[in-house]
Amino acid sequence: MTEDIQKLLEENERLIKLNAVKSEIVSIGAHQIRTSLAALKWIIKMFLDGDLGKLTSEQETLLRRAYEGNERSIGLVSEILLINKSEDVVEKEYIFENTNLIDTIENTIFDFSGESAARGIELIFLKPINTIPHVKADKEKIRVVLQNLIENAIKYSNYHGKIFVSIKANEDDFVEVSVKDSGIGISEDSKGKIFEKFYRTDKAQKKEAMGSGIGLYTSKKIIETHGGKVWFESLEGQGATFLFTVPVWKS
Ligand code: ADP
């Protein structure tokens, strides 16, 4: 029996190492491809901007197609890098610390202030007046969850939308955070699949070409490893609210 367990542990160790090597290969390869594509982008752009002489309309049409194809490839490679990074984040060891979520929320909102302003969206933190207990959390990973939820709220909101982030203490020793938007919302028949890896609704794909369907899957794993829960409430066309809980820090 102990021998079997020992074998399983060794096999597990081997697979973890193999996975780390795989991640690194994907990351190096994808970075190199993205660098080449980026170089190509600027060359095509110089032609399109007329920096290298006037183009015939046929040349311009073809170059524009090449430019757009190249842009799609850059997007795809960036998504591969993101998926690879998300897997790394979830699997890396968790370091649970006494954490003030208010700071994490404020820092994350600050990071997205430029992007939300560029899309005409107001990102508002409803900071509570009462004190909120600190939580037991891995700061880096909780930040990834907040980034995913806020980024989604921005991506799936319409111009002039408002996003509200709030935090409160629950009766049962958990702190609850919510991110509420007034965007496209989620249809009834998609609701069961939202946290599945790579799942994206048709509406989301039409609204926002960029996306991998990995953010919510990753967020759920992170929150569950903290002993919390993540869920959402939504009516199609009327926005969505994503919520999660994290246990209170006990000294
Ligand atoms: P991505 O945003 O990259 O597609 P996610 O895993 O973060 O991947 O989200 C999965 C899917 O859940 C999205 O493609 C979208 O269909 C839906 N979704 C997530 N957040 C929202 C939101 N705030 N409003 C509407 N739909 C959402």
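**Helix α3 and the ligand site**

Let me begin with helix α3, residues 101-118, whose 18 residues at 1.5 Å a residue should span 26 Å, and whose end C-alpha atoms are indeed 26 Å apart, so the two values agree; the expected span is 1.5 Å times one less than the number of residues, and helices here are DSSP runs of H or I with at least four residues, numbered from the N terminus.

I should say that this is a predicted model, in which local features need pLDDT of at least 70 and side-chain atom pairs count only at pLDDT 80 or more, while totals for chains, interfaces and linings use all residues. Residues are numbered from 1 along each chain as its sequence is written, and side-chain values use heavy atoms, with hydrogens and water left out.

Helix α3 has a kink of about 45 degrees centred on Phe 112, the bend being the angle between axes fitted to the seven residues ending there and the seven starting there. Phe 112 is also one of the buried residues of α3, which include Leu 101, Ile 105 and Ile 109, where buried means under 20% relative accessible area with a 1.4 Å probe, counting protein chains only. Just after α3, Gly 120 takes a positive phi of about 70 degrees.

Turning to the ligand, 20 residues surround it, and Asn 152, Tyr 156, Arg 200, Ser 212 and Leu 216 come nearest, a residue counting as near if one of its heavy atoms lies within 4 Å. An N or O atom in the side chain of Arg 200 is 2.5 Å from a ligand oxygen atom, and a polar side-chain atom of Lys 155 lies 3.0 Å from an oxygen atom of the ligand.

Key
Helices (H or I, at least four residues) and strands (E, at least two) are DSSP runs, numbered from the N terminus. Buried means under 20% relative accessible area, exposed over 50%, partly exposed in between (1.4 Å probe, protein chains only). A polar contact is a pair of N or O atoms within 3.5 Å; within protein, one must be able to donate a hydrogen and the other to accept it, and residues adjacent in sequence count only if both atoms are side-chain atoms.
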